[in-house]
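Q: Please take a close look at one part of this model, the place where protein and DNA meet. A connected account of the contacts there would be appreciated.

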There are 2 protein chains.
Amino acid sequence: MSKESKCQKDGRTHLCLCPLEGVIDVISKKWTLLIINVLGNCEKLRFNGLMEQLEGVSPKTLSDTLKALQKENLIMKETFNEIPPRVEYSLTADGKELRKAIVPLLKWAAERDCLPKQKCVQNYRNKPSHRIEL
Amino acid sequence: MSKESKCQKDGRTHLCLCPLEGVIDVISKKWTLLIINVLGNCEKLRFNGLMEQLEGVSPKTLSDTLKALQKENLIMKETFNEIPPRVEYSLTADGKELRKAIVPLLKWAAERDCLPKQKCVQNYRNKPSHRIEL
DNA sequence: CAGAATCCAATTGGATACTG
DNA sequence: CAGTATCCAATTGGATTCTG
């Protein structure tokens, strides 16, 4: 989804950034909510730590998503000059706000597991990224 | 995003529906949050009413999204046998729960309009789908 | 370890025209 | 009015291999 949408004002077409559409860009990316959530749970995580917590994400996708989240100022990256390299990701203040804001959504989602089609009700909570710590 | 993910249990691989991933499927669709929001604002809306409120959605996309939301039992459709035809969409109880759950997210989004890059701060609130009524 | 690079399949969604 | 039918361009994200 494009971040820019057109607004009409006094006959001229110009660009605006609509926050609601902006947030949809952010949270609609497949792994975003999960990342925000686990970083909320764990405080700091390294690249491979995230790979594990997320279970199934590819390095490319994770890398892309992390960059997008940094650009949005939702997570921060701390690099240590060591060998082997160490990099730690954590939520920014904005990211923590977002995490708070999605908690009701996560709870709503978690409570929907009474749907008939599900077969793995007892198991999914074992997935680290599905744990919600308040 | 696929609705099914694999879970391991006692050596066997079987399918499960993880609610957290399920909800991401739902809300990550481009117009979903906007639809849930305007239906929360307006109670009942007809197809073309939604088209107007949403400003920029194509009939195909709206139609697809509405079907998906019905399937998820988030909105309901009421058809009247009249000519010309009349159809009204509204939130189900589940949909209303979802709406409540996303309010913090919408507010968070609305408060982010202090970002530097924006040029249309005064205007976006005029977009009906961006109004949030509590 | 923390990614970058490449390639590719599937999904998404927009534009447009048409219909009961 | 409330969609459906087509067609198509762009985006997304997975698999895999490689590297500082």
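A: A polar contact is a pair of N or O atoms within 3.5 Å. The model under discussion is predicted. With that cut-off in mind, DNA strand D may be taken before DNA strand C.

At DNA strand D, a polar backbone atom of B:Asn48 is 3.3 Å from a phosphate oxygen. Side chains of chain B also approach the phosphates of this strand. An N or O atom in the side chain of B:Ser63 is 2.4 Å from a phosphate oxygen of DNA strand D, and a polar side-chain atom of B:Lys67 lies 3.0 Å from a phosphate oxygen of DNA strand D. Both B:Ser63 and B:Lys67 are listed among the residues that come nearest to DNA strand D, together with A:Lys30, B:Arg46 and B:Tyr89; in total, 21 residues lie around this strand. Of the atoms of DNA strand D that come within 4 Å of the protein, 63% are accounted for by sugar and phosphate.

The surface near DNA strand D draws on both chains. At least two residues each are supplied by α4 (59–71) of chain A and by α3 (47–54), α4 (59–71) and β5 (86–91) of chain B. The largest share, four residues, is that of α4(B). Sorted by class, this surface comprises nine nonpolar, four polar and eight charged residues.

DNA strand C is surrounded by 20 residues, of which A:Arg46, A:Ser63, A:Lys67, A:Tyr89 and B:Lys30 are the closest. Sugar or phosphate makes up 65% of the atoms of DNA strand C within 4 Å of the protein, and bases make up the rest.

Backbone atoms of chain A take part in contacts with this strand. A backbone N or O atom of A:Pro85 lies 3.3 Å from a sugar or linking oxygen of DNA strand C, while for A:Val87 a backbone N or O atom lies 3.5 Å from a phosphate oxygen of that strand. A base is approached from chain B: a polar side-chain atom of B:Lys60 lies 3.1 Å from a base nitrogen of DNA strand C. Two or more residues of the surface near DNA strand C are given by each of α3 (47–54), α4 and β5 (86–91) of chain A, and by α4 of chain B. Here the largest share, four residues, comes from α4(A). By class, the surface near DNA strand C contains nine nonpolar, three polar and eight charged residues.

Conventions:
Residues numbered from 1 in each chain as written. Chains lettered and ligands numbered in written order. Predicted model: local features only at pLDDT ≥ 70, side-chain atom pairs only at ≥ 80, totals over all residues. Heavy atoms only, no water. Near = heavy atom within 4 Å. Polar contact = N/O pair within 3.5 Å; in protein donor to acceptor, adjacent residues only side chain to side chain. Nonpolar A, V, L, I, M, F, W, Y, C, P; charged D, E, K, R; others polar.
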